[in-house]
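Hi,

Here is the structure I said I would send over. Have a look at it first, and my notes follow underneath.

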Amino acid sequence: MSVSRPLAVLASLALLPLGLALGSPAVADPETVPGGPWPGQENVNAIRSYDQLWKTLETIDGRAQGRFDLEAAPLPSNTGREIPVVTLGDGPTSLMLIANQHGNEYVVSEAMVEVVRSLSGGSAHAREVRDALTLTIVPRVNVDGFDADVTDLSGDTTPWRQNYDTECAAFCEFYEEGRGYDINRYHSYSANAYDHPYQPGEDSDNPVPEAITMRLLWDERQPELVVDFHHQGTYVDEEGRMITGSIMWPNAEAEAERLGIAEQFAETVVDSKRAVSQMVTALEGKGYANITRYPSTEFPGIARNAYGLLGSASVLYEARGGIGAASNGYITQQTIVAAESVVDAAADGSLWTASTAPADALRERGPYVSDPHE
Ligand SMILES: [Zn+2]
């Protein structure tokens, strides 16, 4: 596999062009616009709370076969809550699956729990995966944005997109007053996990512990592949069919060029497209799935781009979200199939030689559909 980790190069070149850093917030954030949930249809009660998530994982730990570690991420959230991290298997290939960086995108966290449950079992398949891979799974990065007992300036409660941090002293991009930061804009891609991705030069000023702690895990685990699971709103394709998920690889070509790592980055993109192709192929022919390409921005601090710039194959997966409990079952199932497709291909090694044709042929996402209930 053609994974390179040009940390030394990155260390000396941790600057970002100011124009990119200070770009209009309006273009910065297509994952929010118009991806929010439809009020009145959400049923957060059906999703595991912070305590229930830890308890479920502890129960799975108690029955798990093979290597299974449940521990807290290196740093807690701003309210002092620990972020659960599961490590499965002790094989030579390292993979990282993270989910729920945005607090209101939570069905994917349930899917991660099911992946953990399935791969910790006694089946021959689970054993093969654990022998081949060391799999790090973080089902809910944004524990505060999901259900911390806090309110914003309007008195609204979680879940919301951001973490919880009511003080932004200086650089307040990707920040919502009274709530906090968009975790998925603050991943360091320089040599230092604590680096602020939009502040020129080397520093340790990154204000987002949840992003820093994912990067610390990356440093420790050195994954060949990182997959980041999110939700988008409801979109349709050109035939009017609901799009049930959108997927994308890293696209920070300009930053890679500036860092002098364009060639390595291009190889990383190929490996990322191989992973995307696995997901697309696995979901083809499933009646409930209709997958398109995610229309992505080039901000380098997005997990998809940051870990790609660091040399891991990297994939963003966006499930249709905000659609209520009735549809959560098939969205969970689709997410499990997508996750297991890359896990299986990494375990048997086929991932790194697979064709990128299915990724290259992905259709662009179609138009947004507003809430039919409003
Ligand atoms: Zn998201």
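Let's start with Asn100, which counts as buried because 30 other C-beta atoms sit within 10 Å of its own, and the cut-off for buried is 20 or more. Before going further, please keep in mind that this is a predicted model. Asn100 is found in the loop that links S3 to helix H5 (107–119). Its backbone is worth a look too: phi of Asn100 is near 65°, a positive value in a residue other than glycine.

Gln222 makes a nice partner to that one. Phi is positive here as well, near 45°, and again the residue is not a glycine. You'll find Gln222 in the loop between H8 and S7, just after the end of H8. Is Gln222 buried or exposed? Neither, quite: with 14 other C-beta atoms within 10 Å, Gln222 is partly exposed.

While you're looking at loops, check the peptide bond from Thr158 to Pro159, which is cis, with omega near 10°. Pro159 belongs to the loop between helix H7 (143–147) and strand S5 (175–176).

Now the strand just before Asn100's loop. S3 covers residues 93–99, and six of its seven residues are buried. What does S3 pair with? On one side there is strand S4 (residues 133–138), joined to S3 in the parallel sense over six bridges. Thr93, for example, has Leu133 of S4 as its bridge partner. S3 also pairs with strand S7 (residues 225–232), again parallel, this time over five bridges. There, Leu95 stands opposite Leu225, and Ile98 has Asp228 as its bridge partner.

Zooming out, these strands belong to an open sheet of eight strands with mixed pairing, in the order S1-S2-S4-S3-S7-S12-S10-S11. The edges are strand S1 (68–72) and strand S11 (291–293), each of which pairs on one side only. On average, neighbouring strands in this sheet are turned by 20° against each other, ignoring direction.

The helix to look at against this sheet is H8 (residues 209–221), which lies across strand S2 (84–88), S3 and S4 and runs at about 170° to S3. Is its length what you'd expect, and what is the end-to-end distance? At 1.5 Å a residue, the 13 residues of H8 should span 18 Å, and the end C-alpha atoms are indeed 18 Å apart, so the two agree. The buried residues of H8 include Ile212, Met214, Leu217 and Trp218, but also Glu210 and Arg215. Among the elements covering the buried residues of H8 are S2, S3, S4 and helix H11 (303–309).

Over at the edge of the sheet, Ile291 is part of strand S11. Why does Ile291 count as buried? Because it has 26 C-beta neighbours inside 10 Å. Leaving out neighbours within four places in sequence, Ile291 is in contact with Thr244, Gly245, Ser246, Ile247, Val280 and Leu283. Glu364 is 73 residues away from Ile291 in sequence, yet their C-alpha atoms are 9.3 Å apart.

One of those contacts, Ile247, turns up again in the core. The largest nonpolar core has 89 residues, and those with the most contacts inside it are Leu97, Met112, Ile247, Met279 and Val342. Leu97 touches Met112, Ile137, Val227, Phe229 and Ala339, not counting residues up to four places away in sequence. As a general point, nonpolar side chains in soluble globular proteins tend to be buried together.

Finally, some overall numbers for the chain. There are 13 helices and 12 strands, and 51% of the 374 residues count as buried. Taking contacts between residues at least 6 apart in sequence, 77% join residues at least 24 apart.

If you'd like a place to begin in the viewer, try Asn100, with its positive phi, and then follow S3 across to its parallel partners S4 and S7.

Cheers

Notes
Residues numbered from 1 in each chain as written. Predicted model: local features only at pLDDT ≥ 70, side-chain atom pairs only at ≥ 80, totals over all residues. Buried ≥ 20, exposed ≤ 12 C-beta atoms within 10 Å, placed from the backbone. Helix = DSSP H or I, 4+ residues; strand = E, 2+ residues; numbered from the N terminus. Pairing = 2+ DSSP bridges. Axes fitted to C-alpha atoms, helices over the stretch in contact; angles between N-to-C directions. Contact = placed C-beta atoms within 7 Å. Core = buried A, V, L, I, M, F, W, Y, C linked by C-beta atoms within 7 Å. Expected span 1.5 Å × (residues − 1).
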